[in-house]
Amino acid sequence: MVLGIERVLFAVLLLVLSPFILPSNAQQPAAPIKVDQITGLAGVKNKTKGSITIENGNLRFAHGKTKVDLAATSMQDVVTGNDSQRLIHGTLGMLTMIAPYGSGRFLSLFRAKLDTLTIKYRDADGGLHGAIFTMGVGKAEALKKELVAHGAHTSIPTQKDADKTSTKAPDAKEQKP
Amino acid sequence: MTRILGRGIVFSLLSIILFAGPGLRAQDKQPAKIKASSISVTMIQSDEIKLPAEFQVSLYENLIQQLQKKGGFQHVYREGDRNAANAADLVVLHSTVRGFKEGSERVRQLTTVVGATSINVHCEFTDKNGKSLLERDLKGKVIFFGANLRATYDFAKKAAQVAHDNFSPTAGT
């Protein structure tokens with residue numbers, strides 16, 4: 001009997017507190033990220049400030065009343081500034097350090113305090129475009145992950161994915177006859 | 001008397017150089033233009049160096065914008081554009097980054113003398129079948145003010161100028 005009352009009280013408590021439980025991140029639309037569109041987004045002037053959201057598998061750049069949508073599936077490469085640095089400062093970078101003309105060093109387009117997101121995408125005619133966005137540090141990686149989850153391609157997997165594939169590599173080799 | 005004669009000769013020679021020189025140079029500057037009404041731009045490549053994606057894309061986009069503004073072509077196609085297949089007198093521009101000298105925006109701002117960034121790009125214009133028509137090594141620089149982004153703009157301007165000077169939709173007609 002006492003156990004039954006406890007259960008009822010617990011159920012009532014859950015019912016009362018349920019409005020205060022925050023909805024999960026998956027259900028919540030992502031907050032707009034303030035960015036500078038440096039170049040390459042069709043229909044938008046170079047160096048335009050705006051915000052990016054990801055809605056229904058599209059990247060939406062909004063600047064005032066202007067809204068440009070890019071389907072994640074049309075993106076053939078999404079790369080962050082950190083990806084580029086890892087690629088060049090990593091093992092490959094060490095090998096190219098001895099190459100002439102300063103070829104082993106990293107040539108950055110912007111000051112280090114900015115995060116960059118570079119997207120190569122195809123238009124309806126198959127023409128290749130490249131768009132560059134700059135944003136606050138640490139925001140590009142999350143955007144990239146979300147775009148990849150919606151079908152965008154990337155030539156450089158994220159750090160965690162890269163680690164996973166490198167650990168799995170020996171197994172893959174063993175499977176070969 | 002001899003001194004006057006000598007000065008006269010020197011003056012005459014200088015006059016000839018001053019007045020005839022620009023005319024001769026103008027003749028040198030006008031090579032026969034190659035007929036081309038449209039151009040297809042391929043993505044910038046980098047064989048010897050690892051080029052960050054943002055740099056590659058900035059070079060490509062600036063190049064397309066400058067060719068549209070100053071190249072003198074009726075159409076500028078992007079890599080992969082299906083419409084380029086039907087274009088008459090099409091040239092294809094292949095650009096390869098060969099090296100760079102990294103400067104510093106901060107040093108440039110402080111001194112305005114040192115800290116220049118430069119990027120060396122090899123440009124090859126070919127016809128549809130891949131036959132080479134023209135090759136040039138171009139350098140994009142940012143010397144005084146601005147981020148490294150300006151080096152990509154400087155290169156694009158120079159490449160568009162080369163295209164304008166060597167190709168024309170009306171050449172050979």
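Start by selecting Thr39(A) and Ile132(A): Ile132(A), in β7(A), is the bridge partner of Thr39(A). Keep in mind as you click around that this is a predicted model.

Now light up β1(A), residues 33-39, together with β7(A). These two strands pair in the antiparallel sense over four bridges. For another anchor point, pick Val35(A), which stands opposite Met135(A) in β7(A).

Next, stay with β1(A) and add β2(A), residues 48-55. This pairing is antiparallel too, with five bridges. Try Gln37(A) here: its bridge partner in β2(A) is Thr48(A).

Back to β7(A), and bring in β6(A), residues 115-122. Eight bridges join these antiparallel strands, and Lys120(A) has Gly130(A) in β7(A) as its bridge partner. Follow the chain round the turn: β6(A) and β7(A) make a hairpin with five residues between them, and Gly126(A) in that turn has a positive phi of about 90 degrees.

Now show side chains along β7(A), residues 128-135. Are they buried or exposed? Eight of the eight residues are buried. In a regular strand, side chains alternate between the two faces of the sheet. On one side of β7(A) you'll find Leu128(A), Gly130(A), Ile132(A) and Thr134(A), on the other His129(A), Ala131(A), Phe133(A) and Met135(A), and both faces are covered.

Keep Phe133(A) selected and add Met75(A), Leu147(A), Ile39(B), Val41(B), Leu63(B) and Leu67(B). Within the largest nonpolar core, which has 60 residues, these touch the most other members.

Last stop: zoom in on Leu63(B). Leaving out residues up to four places away in sequence, Leu63(B) touches Val41(B), Ser95(B), Ala156(B) and Ala159(B).

Methods
Residues are numbered from 1 along each chain as its sequence is written. Chains are lettered from A and ligands numbered from 1 in the order in which they are written. This is a predicted model: local features need pLDDT of at least 70, side-chain atom pairs count only at pLDDT 80 or more; totals for chains, interfaces and linings use all residues. A nonpolar core is a set of buried Ala, Val, Leu, Ile, Met, Phe, Trp, Tyr and Cys residues joined through C-beta atoms within 7 Å. A residue is buried if 20 or more other C-beta atoms lie within 10 Å of its own, exposed if 12 or fewer, and partly exposed in between; C-beta atoms are placed from the backbone. Two residues are in contact if their C-beta atoms, placed from the backbone, lie within 7 Å. Two strands pair if DSSP finds at least two bridges between them.
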